[in-house]
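Grab a pencil and keep the 3D view open. Below are a few short exercises, each with a solution worked out step by step.

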Amino acid sequence: LVDGDEVLYVGQTQDGDRVAAATRRGHALICASEDVGVLAGPGKGVQLIKLGKDDLVVGSQILRAKRDTLTLENEKGTQYDVTTRKYGVVSRGGKGHQLFRRGKLVSRIPPPPVLPTIEESN
């Protein structure tokens, strides 16, 4: 990482997964996980979503099932859900879909933890 960079999200994808990302200025993008290549060595990665001047990525998440959601919050507390049911899958590197016209996203709301089921043995 270089000065000013930070890690926002890390996840392990499987074939068929989608990757969602959203920016502070309210753009969200969903692309196929296969579109996000792994770079080794001196590579810095790939551009997932195009950023405008003074914009930055607020959150990202792997969307595996149709019910999976990237949930974000603006400065007034309004929540925005990014799902494959609501927004189409597009190629990585674009601006994505505009979620709203005014305001800024300030945070990603993590999904609730999923507790593993424990099967009893007799």
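**Exercise 1.** Work out what share of the protein's residues count as buried, and describe the overall build.

*Solution.* Start with burial: this is a predicted model, and 29% of its 122 residues count as buried. Next, look at the surface, where the protein exposes about 8700 Å² and carbon and sulfur atoms supply 48% of that area. Then go through the secondary structure: you should find 0 helices and 7 strands, so the order from the N terminus reads β-β-β-β-β-β-β. Finally, put a box around the C-alpha atoms along the principal axes, and you get roughly 60 × 40 × 30 Å.

**Exercise 2.** Find how many salt bridges the whole structure has, and say where the partners sit.

*Solution.* Step one is a general idea: side chains of opposite charge can pair when their charged atoms come close. Step two is the search, which turns up 1 salt bridge. The side chains that meet in a salt bridge are those of Asp17 and Arg64, at 2.8 Å from N to O. The pair ties together distant parts of the chain: Asp17 is in the segment before S1, while Arg64 is in the loop between S3 and strand S4 (70-74), 47 residues apart.

**Exercise 3.** Decide for Asp17 and for Arg64: buried, partly exposed or exposed?

*Solution.* You need the cut-offs here: buried is under 20% relative accessible area, and exposed is over 50%. Asp17 has a relative accessible area of 2%, so Asp17 is buried. Arg64 comes out at 43%, so Arg64 counts as partly exposed.

**Exercise 4.** Locate Gln47 and list its contacts beyond the neighbours within four places in sequence.

*Solution.* First, find the place: Gln47 is in the loop between strand S2 (27-32) and strand S3 (57-63). Its relative accessible area is 44%, which means Gln47 is partly exposed. Now leave out the neighbours within four places in sequence, and Gln47 is in contact with Arg92 and Gly93. For a distance check, try Leu99: Gln47 and Leu99 are 52 residues apart in sequence and 20 Å apart in space, C-alpha to C-alpha.

**Exercise 5.** Which residues form a nonpolar patch on the surface with Val7?

*Solution.* Begin with Val7 itself, in the segment before strand S1 (18-23). Val7 has 56% relative accessibility, so Val7 counts as exposed. Its patch partners are Leu1 and Val10, and together the three have about 380 Å² of accessible area.

Note on methods:
Residues are numbered from 1 along each chain as its sequence is written. This is a predicted model: local features need pLDDT of at least 70, side-chain atom pairs count only at pLDDT 80 or more; totals for chains, interfaces and linings use all residues. Side-chain values use heavy atoms; hydrogens and water are left out. Patches are made of residues with over 30% relative accessible area and no salt bridge: like charges are joined within 9 Å, nonpolar side chains (Val, Leu, Ile, Met, Phe, Trp, Tyr) within 5 Å. Accessible areas come from the Shrake-Rupley method with a 1.4 Å probe; for residues, only the protein chains shown count as cover. A salt bridge is a side-chain nitrogen of Lys or Arg within 4 Å of a carboxyl oxygen of Asp or Glu. Helices (H or I, at least four residues) and strands (E, at least two) are DSSP runs, numbered from the N terminus. Buried means under 20% relative accessible area, exposed over 50%, partly exposed in between (1.4 Å probe, protein chains only). Contact means heavy atoms within 4.5 Å.
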